[in-house]
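Here are a few exercises to work through with the model open in your viewer. Try each one yourself before you read the solution.

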Amino acid sequence: MAHHLLIQLSDVHLTRRGELAPGIDPAANLASALALLEDEDVAADVILLTGDLTNEGDEPSYRDLAAALASSRAAATATVVYVPGNHDRRGPFRSVLLGQAPDEGPINQVAWHGGLRLVALDSTVPGEDHGSLDAGTLDFLADALAEPAPEGSIVVLHHPPSPSPIEMMAALRLANADDLGRAIEGTDVRAVLCGHYHHAGASHLGAVPVWTGPATSFVADAASAGDLRILPGGAMTRIDVDDDGVVTSVIPIGPGRPAPGARGPVRPG
Ligand SMILES: [Fe+2]
Ligand SMILES: [Fe+2]
């Protein structure tokens, strides 16, 4: 089996408002993430943007995102997959990022890298912050998975099917996780990749591993179960897919990151 390197940028929350809160600058964090990929020569095969790509769902912010990716050397050779989240709006998302008519239906997509199939689902419910897969999206998933892919499939959606330890986030999970579980049971799906919680987490849906990627824009502190506590900082995930399986590794994007090429004094391990 070939090696596939996926880079997950989740919850970018781009905004023309500047800082969302003191020290939280989504555009600066996105720029840091893309610069890091270039500086470290991380050759992504696929870049997955797993929802909440903008904070307000406005067209100018989608244009800013498209421009950032278009000017990125790291993205130039990668397949870029845009997945909507609860902060996105389907009309401007479609017209700016996908070059399609601004239809309001779910944005479901299939992308390939070699023999690896990526099935990206729209788990958003317009006007709501929780997630759900509607009947049409579940049909799309069933059709996409009807025949096994040569190197298996990965399902990508914004809302995790598993809870967060932060109560407010847990209430905004994928409401019909059971439907997703039934749809992928016994198929070639090797992993489910999500975002939305703004903290990293690993779980499973039946026998399939579920990865919740951290946000590039800011951190939701998993130490605070009751209140939603927001911290500056951000991270992305590299996902290595090959014969060893699906391996997810978090890459911090700052603050405190050393200059490109610098190596710390810490021993490996
Ligand atoms: Fe988000
Ligand atoms: Fe979200």
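**Exercise 1. The chain as a whole**

What percentage of the 269 residues of the chain count as buried? Then describe the overall build.

*Solution.* Keep in mind that this is a predicted model.

Step 1: start with burial. The share of residues that count as buried is 52%.

Step 2: take stock of the secondary structure. The chain has 7 helices and 13 strands. Its radius of gyration is 17 Å, close to the 18 Å that the globule rule gives for 269 residues, so the chain is as compact as a globular protein of that length.

Step 3: add the dimensions. Along the principal axes, the C-alpha atoms fill a box of roughly 50 × 40 × 40 Å.

Step 4: look at the contacts. Among those with a separation of 6 or more, 68% come from residues 24 or more positions apart.

**Exercise 2. The iron site**

Find which residues coordinate the iron ion (ligand 1), and work out why their arrangement is irregular.

*Solution.* Step 1: list the donors. They are D11 (OD), H13 (NE2), D52 (OD) and H198 (NE2), at 2.1 to 2.3 Å from the iron ion (ligand 1).

Step 2: check the angles. The 4 donor atoms subtend 87 to 177 degrees around the iron ion (ligand 1), which makes the arrangement irregular. To count as tetrahedral, four donors would need all angles between 85 and 135 degrees.

Step 3: trace the donors along the chain. Their spacing reads D-x1-H-x38-D-x145-H. H13 sits in the loop between β1 (4–9) and α1 (26–39), and D52 in the loop between β2 (46–50) and α2 (59–70), so this pair ties together parts that are 39 residues apart in sequence.

Step 4: look for a second metal. D52 bridges the iron ion (ligand 1) and the iron ion (ligand 2), and the two ions lie 3.5 Å apart.

**Exercise 3. The two histidines**

Are H13 and H198 buried or exposed, and what sign does phi have in each?

*Solution.* Step 1: take H13. Its relative accessible area is 2%, so H13 is buried. Phi of H13 is near 50 degrees, a positive value in a residue other than glycine.

Step 2: take H198, in the loop between β7 (189–194) and β8. H198 has 4% relative accessibility, so it counts as buried. Phi of H198 is near 65 degrees, again positive in a residue other than glycine.

Step 3: go back to the bridging residue. D52 is buried, as is H13.

**Exercise 4. The sheet and its hairpin**

Write down the strand order of the open sheet of 6 strands, then zoom in on β4 and β5.

*Solution.* Step 1: walk across the sheet. The order is β4-β5-β6-β7-β9-β8, with mixed pairing. The edge strands, each pairing on one side only, are β4 (109–113) and β8 (201–205). On average, neighbouring strands of this sheet are turned by 25 degrees against each other, direction ignored.

Step 2: zoom in. β4 and β5 (residues 116–120) run antiparallel and are joined by 5 bridges. W112 has R117 in β5 as its bridge partner, and Q109 stands opposite A120. The hairpin has 2 residues between the strands, and G114 takes a positive phi near 55 degrees there.

Step 3: add the helix. α5 (residues 135–144) packs on the sheet and touches β4, β5 and β6 (153–156). The direction of α5 makes about 175 degrees with that of β5.

Methods:
Residues are numbered from 1 along each chain as its sequence is written. Chains are lettered from A and ligands numbered from 1 in the order in which they are written. This is a predicted model: local features need pLDDT of at least 70, side-chain atom pairs count only at pLDDT 80 or more; totals for chains, interfaces and linings use all residues. Side-chain values use heavy atoms; hydrogens and water are left out. Donors are N, O and S atoms within 2.8 Å of the metal (3.2 Å for Na, K and Ca); water is not among the atoms, so sites may look incomplete. Four donors count as tetrahedral if all angles lie between 85 and 135 degrees; four count as square planar and six as octahedral if opposite donors are over 155 degrees apart and all others between 65 and 115; anything else is irregular. Helices (H or I, at least four residues) and strands (E, at least two) are DSSP runs, numbered from the N terminus. Buried means under 20% relative accessible area, exposed over 50%, partly exposed in between (1.4 Å probe, protein chains only). Two strands pair if DSSP finds at least two bridges between them. Axes are lines fitted to C-alpha atoms, for helices over the stretch in contact, and angles run from 0 to 180 degrees between N-to-C directions. Contact means heavy atoms within 4.5 Å. The radius of gyration is taken over C-alpha atoms; the globule rule is 2.2 Å times the number of residues to the power 0.38.
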